[in-house]
Amino acid sequence: MGERGLKKLTVIGAGSVGTSVAYAALIRGSANEIALYDVNAAKVDAEVLDLAHGTQFTGSTRVIGGSDLAVTDGSDVIVITAGAKQRPGQTRLELAATNAGILSALMPELVTRSPQAVHVLVTNPCDVLTVIARRISGLPPERVFASGTVLDTSRLRLLLAGRAGVSLSSVHAHIVGEHGDSEFPLWSAAAIGPVPTLHEKSVVRPEYSKRGKVLISEAALSQMVIHCVDEYNQNIRIKKILVKDDEIGYRLVITIDVPYGIQLGGNIHNLQQYIIENIEHYTGILIEEVNIIIDKGGLS
Ligand SMILES: NC(=O)c1ccc[n+]([C@@H]2O[C@H](COP(=O)([O-])OP(=O)(O)OC[C@H]3O[C@@H](n4cnc5c(N)ncnc54)[C@H](O)[C@@H]3O)[C@@H](O)[C@H]2O)c1
């Protein structure tokens with residue numbers, strides 16, 4: 001048994017990602033046997049030999065592979081990296097048709113050959129392909145999942161660690177959503193040690209367009225508004241935030257709910273000023289106008 005009790009790991013696709021996964025698993029002792037499969041026989045055979053030649057230094061893992069799917073038989077975990085990769089300017093979603101075709105051909109055969117295996121999709125768009133793989137195979141979600149935003153989260157943490165000048169292990173932050181252009185960072189939950197990054201002005205450094213306007217996503221701006229309002233008075237609940245982005249600057253329309261009998265701890269004007277000053281403090285972004293609507297209709 002490998003360190004994690006895993007007997008056979010198969011990697012589908014012997015390209016840059018597949019061989020890196022196989023190598024990482026090999027040096028970590030993740031499995032007793034690692035199989036590498038690719039349609040390109042010459043490439044996979046060469047990669048298998050390279051990996052096998054290094055096993056003197058990595059422990060007792062056996063490395064096998066080839067261009068015959070029989071090498072995958074009896075796998076416990078199958079990591080799928082086979083397929084086309086993004087060309088410059090191409091989105092991950094544009095890869096979907098090509099890679100869905102490859103996956104549709106592979107999946108039934110993989111399931112027949114390894115009926116107990118857990119499948120991990122890395123080929124892009126990995127979250128979309130995961131849904132397709134589940135439909136084709138009929139396997140439950142816990143048996144087919146993607147690497148998702150784990151790489152993006154790791155990239156974000158590295159950038160934050162570099163920006164703040166701290167060890168990567170002290171950064172707690174997540175990118176969530178689909179591993180693609182709609183994913184986003186959870187700034188309100190990001191922290192360095194116990195300190196929320198929204199408290200650290202230098203961490204969230206704005207980018208400027210050619211015309212000098214600060215560029216920030218609506219989601220990130222909304223997270224900051226929520227954070228500011230929460231700091232101002234924790235009894236105020238936000239119902240809706242509308243970000244108006246009109247080339248000059250940002251205007252916010254914030255609908256809030258203040259429970260009956262709770263004092264705002266000042267007045268609406270103070271809250272408007274608090275939001276403007278704090279967002280500028282945290283990010284350097286000047287909000288042109290904040291319009292606050294109090295809605296007593298209850299939370300939707
Ligand atoms: N999810 C993530 O975080 C993440 C990160 C990096 C790359 N990727 C994706 O992983 C995939 C692989 O990237 P790469 O850089 O290794 O590409 P690559 O071109 O280096 O390797 C792809 C390999 O797949 C093989 N292949 C193609 N069709 C096949 C089939 N039907 N059966 C078996 N093998 C087949 C090719 O022969 C090639 O060796 C891409 O889709 C890429 O976008 C995902």
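Begin by selecting α1, residues 16-28, since this helix gives the most residues to the shell around the ligand, namely three. The model on screen is a predicted one, and the tour starts at the ligand before moving outwards.

**The ligand and its shell**

Keep the ligand selected and add the residues around it, 27 in number, among which Gly13, Gly15, Val17, Ala82 and Asn124 are the closest. Colouring by secondary structure shows that the elements contributing two or more residues to this shell are α1 and α3. Recolouring by residue class divides the shell into eleven nonpolar, 13 polar and three charged residues.

**Asn124 and the bond that follows it**

From the shell, centre the view on Asn124, one of the residues closest to the ligand, and look at the peptide bond that leads from Asn124 to Pro125. This bond is cis, with an omega near -5°. Pro125 itself is found in the loop that runs between β5, residues 118-121, and α4.

**Arg92, a contact of both residues**

Next select Arg92, which, leaving out residues up to four places away in sequence, touches Asn124 and Pro125 as well as Gln86 and Gly180. Arg92 has its place in the loop between β4 and α3, and it counts as partly exposed because 18 C-beta neighbours lie inside 10 Å. A distance drawn from the C-alpha atom of Arg92 to that of Asp181 spans 7.9 Å, although 89 residues of sequence separate the two.

**Ala84, in the loop between β4 and α3**

Move along to Ala84, which also lies in the loop between β4 and α3. Ala84 counts as partly exposed because it has 16 C-beta neighbours inside 10 Å. Beyond the residues up to four places away in sequence, Ala84 touches Leu95, Thr98 and Asn99. Of these contacts, Leu95 is eleven residues away in sequence, with its C-alpha atom 7.1 Å from that of Ala84.

**The packing of α3 against α4**

Now select α3, residues 96-113, together with α4, residues 126-137, and turn the view until both axes can be followed; they come within 9 Å of each other and cross at roughly 35°. The crossing is right-handed. On the α3 side the contact is made by Ala96, Asn99, Ala100, Leu103, Ser104, Met107, Pro108 and Val111, and on the α4 side by Val128, Leu129, Ile132, Ala133, Ile136 and Ser137. Shown by class, the residues of this contact divide into eleven nonpolar, three polar and no charged.

**Ser114 and Val71**

Follow the chain from α3 into the loop that leads to β5, where Ser114 has its place. Is Ser114 buried or exposed? Ser114 counts as buried, because 20 C-beta neighbours lie inside 10 Å. Leaving aside neighbours within four places in sequence, Ser114 is in contact with Thr72, Asp73, Gly74, Ser75 and Ile78. The C-alpha atoms of Ser114 and Asp73 are separated by 5.5 Å, while the two residues are 41 apart along the chain.

Then select Val71, in the loop between β3, residues 62-66, and β4, residues 77-80. Val71 is partly exposed, because 19 other C-beta atoms lie within 10 Å. Not counting residues up to four places away in sequence, Val71 touches Ala35, Tyr37, Ile64, Gly65 and Gly66. Between Val71 and Arg113, which are 42 residues apart along the chain, the C-alpha separation is 9.4 Å.

**The nonpolar cores**

For the interior, select the largest nonpolar core, which has 38 residues; those touching the most other members are Ala22, Ile34, Leu36, Val79, Ile80 and Leu121. Centring on Leu121 and setting aside its neighbours within four places in sequence, one finds contacts with Ile80, Cys126, Leu129, Thr130, Ala133 and Ala146. Leu129 and Ala133 also appear on the α4 side of the helix contact visited above. A second core, separate from the first and made up of 21 residues, includes Ala190, Leu252, Ile275 and Ile285.

**The whole chain**

Finally, zoom out to the full protein, whose secondary structure comes to seven helices and 16 strands. Of its 300 residues, 31% count as buried. Among contacts between residues at least 6 apart in sequence, 63% join residues at least 24 apart.

Technical notes. Residues numbered from 1 in each chain as written. Predicted model: local features only at pLDDT ≥ 70, side-chain atom pairs only at ≥ 80, totals over all residues. Axes fitted to C-alpha atoms, helices over the stretch in contact; angles between N-to-C directions. Helix = DSSP H or I, 4+ residues; strand = E, 2+ residues; numbered from the N terminus. Left-handed = near helix turned anticlockwise from the far one by under 90°. Contact = placed C-beta atoms within 7 Å. Nonpolar A, V, L, I, M, F, W, Y, C, P; charged D, E, K, R; others polar. Near = placed C-beta within 6 Å. Buried ≥ 20, exposed ≤ 12 C-beta atoms within 10 Å, placed from the backbone. Core = buried A, V, L, I, M, F, W, Y, C linked by C-beta atoms within 7 Å.
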